[in-house]
Amino acid sequence: MNVMKKNKARAGVFFLLFALLAFPACNRKPQDSERSETTLTVFPTITPRNAAVTQPEATPVVTPTVTPQPTAKPTLVIPEDIVDTSKEPYTYEEMCEDIEMLAYAYPDIVSVTWEGYSADGRGIPAVKFGNPDAERVVFVQAAIHAREHLTTLLVMEQLETYAKNYDTGVFRDKTYREIFSEAALVVVPMTNPDGVSVSQLGTESIRTEELRVLVESFYERDGAGVTREYFYKRYKANANGVDLNRNFAYGWEEYGGSAVPAADRYKGTAPASEPETQVLIAITEREPVAAAVSYHATGSLLYWDFGQTGEIRERCLSFVETVHGLTGYRIVYAESDKQDEAGYCEWAVGIKGIPEVTIEIGTVAAPLPIQEFEGVWKRNKEVLVAMAEQVMREAKEAAD
């Protein structure tokens, strides 16, 4: 792609958007945090439900002496490629822009909800893709660990590719439209926006002074032998120093890890103590989730088998084998090859009875460089449409 041409077009588009809108959800203060059920368009106008609305004072009506002429509305130009897969780092702000542009470009199949706010006040968007009235969905979450932010770029590119090819793309003799009409996607592209910002931009990205001091203290305590830059690039936790993938109820009591907030391996004060964890739980319990995908990095692996038995075990293995057939990633039996517990995957399978596949992308240590993306994309391009197609087949087989 012509990156210079694209960047110029994007700059013009987003100058217009941000000059008019200031994109409030990206800049919300932590103390205002709550989930808004408002479905956004490219022109979001969210007012917190508990906020006082001040009515403007009445203005005297003045009869104009000259009839005003209508002002031409600016034309919003959609770039050929909304998601720039050459961009490093792909930041939270860029993700927000791209999500809003996808919703504007494909309003019939892409909608956005703001599900909650991170510890540092960043809105957490969820994208619904496909038939908005679908009776079953595949839930996808990425970047729950801060340094694994290439997963955000991956799921965003998957969404745009499926949207571009909605009527022409085919998987197993079915068009994307047929598949996503029966099994939609609900995607949280960046579960941990505060942590991702720290990993990409350093502690200066933390906007709340108290949280910034806390995150900076981790290096003073645990960073011996490495540079500050290296330490924070490999950051995994959220702004509270909680490893979000150790903050779920299933296995939480048994998990050890760090005894105090840290860059990783601290499970929090209680299961679901963190707002980001609560977002994933709320979506999973609200939506008709038939299967789930968690994107992580690194290792080119598929994790499953958390001790489940019976039908849920068979369904999990079936989805894992589907993803293995597309990616070639090695299948890891987590029950025999022990992994850390209290993650989203264990909670979804063990408590909610939802088949889940945990996909580890990449071949080098996280954070993955942008040079890894091409290989990751070739393996994962069709993963989500394959999951949706399998959900659709399961439903039809059950009906028969």
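A residue counts as buried when its relative accessible area is under 20%, and Tyr-162, with a relative accessible area of 0%, therefore falls in that class. The structure discussed here is a predicted model, and the points below follow its charged pairs, its aromatic side chains and the strands around E7. In total the model holds 22 salt bridges and 18 aromatic pairs.

**Salt bridges around Asp-120**

- Asp-120 is joined to Arg-122 by a salt bridge between their side chains, with a distance of 3.0 Å from N to O.
- Both partners of this bridge are shielded, since Arg-122 has a relative accessibility of 3% and counts as buried, while Asp-120 counts as buried at 1%.
- Asp-120 also forms a salt bridge with Arg-207, where the closest N and O atoms are 3.9 Å apart.
- Because Arg-207 lies in the loop between helix H5 (193–201) and helix H6 (209–222), and Asp-120 in the loop between strand E2 (110–117) and strand E3 (123–129), this pair ties together parts that are 87 residues apart in sequence.
- Arg-207 has a relative accessibility of 36%, so this residue counts as partly exposed, whereas its partner Asp-120 is buried at 1%.

**Other charged pairs**

- Lys-352 and Glu-285 meet through their side chains in a salt bridge, at 3.5 Å from N to O.
- Lys-352 is placed in the loop between helix H10 (344–350) and strand E11 (356–361), and Glu-285 in helix H8 (residues 275–286), so that the bridge ties together parts 67 residues apart in sequence.
- With a relative accessible area of 35%, Lys-352 is partly exposed.
- A network of salt bridges links four residues, namely Glu-115, Lys-128, Arg-286 and Glu-287.

**Aromatic side chains**

- Among the 18 aromatic pairs is the one between Phe-129 and Tyr-162, which is tilted, with 6.3 Å from centre to centre and 55° between the planes.
- Phe-129 lies in strand E3 and Tyr-162 in helix H3 (residues 150–164), so the pair ties together parts of the chain that are 33 residues apart in sequence.
- Phe-129 is buried, with a relative accessible area of 0%, and Tyr-162 is likewise buried, with a relative accessible area of 0%.
- Tyr-232 and Tyr-235 form a tilted aromatic pair as well, with 6.2 Å between the ring centres and 40° between the planes, and both of these tyrosines are buried.
- Phe-129 and Tyr-162 also belong to one aromatic cluster, together with Tyr-166, Tyr-176 and Phe-180.

**Positive charges over rings**

- Arg-246 lies over the face of Tyr-255, at a distance of 5.9 Å from the ring centre.
- Lys-267 lies over the face of Trp-252, where the distance from the ring centre is 4.1 Å.

**Thr-161 in helix H3**

- Thr-161 has its place in helix H3, the helix that also contains Tyr-162, and is buried with a relative accessible area of 11%.
- When residues up to four places away in sequence are not counted, Thr-161 touches Trp-377 and Lys-381.
- The C-alpha atoms of Thr-161 and Val-83 are separated by 9.5 Å, although these residues are 78 residues apart along the chain.

**Strand E7 and its partners**

- Strand E7 (residues 183–188) is mostly covered, as six of its six residues are buried.
- The cover extends to both faces of E7, with Ala-183, Leu-185 and Val-187 buried on one side and Ala-184, Val-186 and Val-188 buried on the other.
- E3 pairs with E7 in the antiparallel sense over three bridges, and Phe-129 has Leu-185 as its bridge partner in E7.
- Strand E4 (residues 136–142) pairs with E7 in the parallel sense over six bridges, and the partner of Phe-139 in E7 is Val-186.
- Phe-129 thus links two of the topics above, being the bridge partner of Leu-185 in E7 and a member of the aromatic cluster with Tyr-162, Tyr-166, Tyr-176 and Phe-180.

Definitions and conventions
Residues are numbered from 1 along each chain as its sequence is written. This is a predicted model: local features need pLDDT of at least 70, side-chain atom pairs count only at pLDDT 80 or more; totals for chains, interfaces and linings use all residues. Side-chain values use heavy atoms; hydrogens and water are left out. Buried means under 20% relative accessible area, exposed over 50%, partly exposed in between (1.4 Å probe, protein chains only). Helices (H or I, at least four residues) and strands (E, at least two) are DSSP runs, numbered from the N terminus. Rings of Phe, Tyr and Trp (its six-membered ring) pair if their centres lie within 6.5 Å; planes under 30 degrees apart count as stacked, over 60 as edge-to-face and the rest as tilted. A charge sits over a ring if NZ of Lys or CZ of Arg is within 6 Å of the ring centre and within 35 degrees of the ring normal. Contact means heavy atoms within 4.5 Å. Two strands pair if DSSP finds at least two bridges between them.
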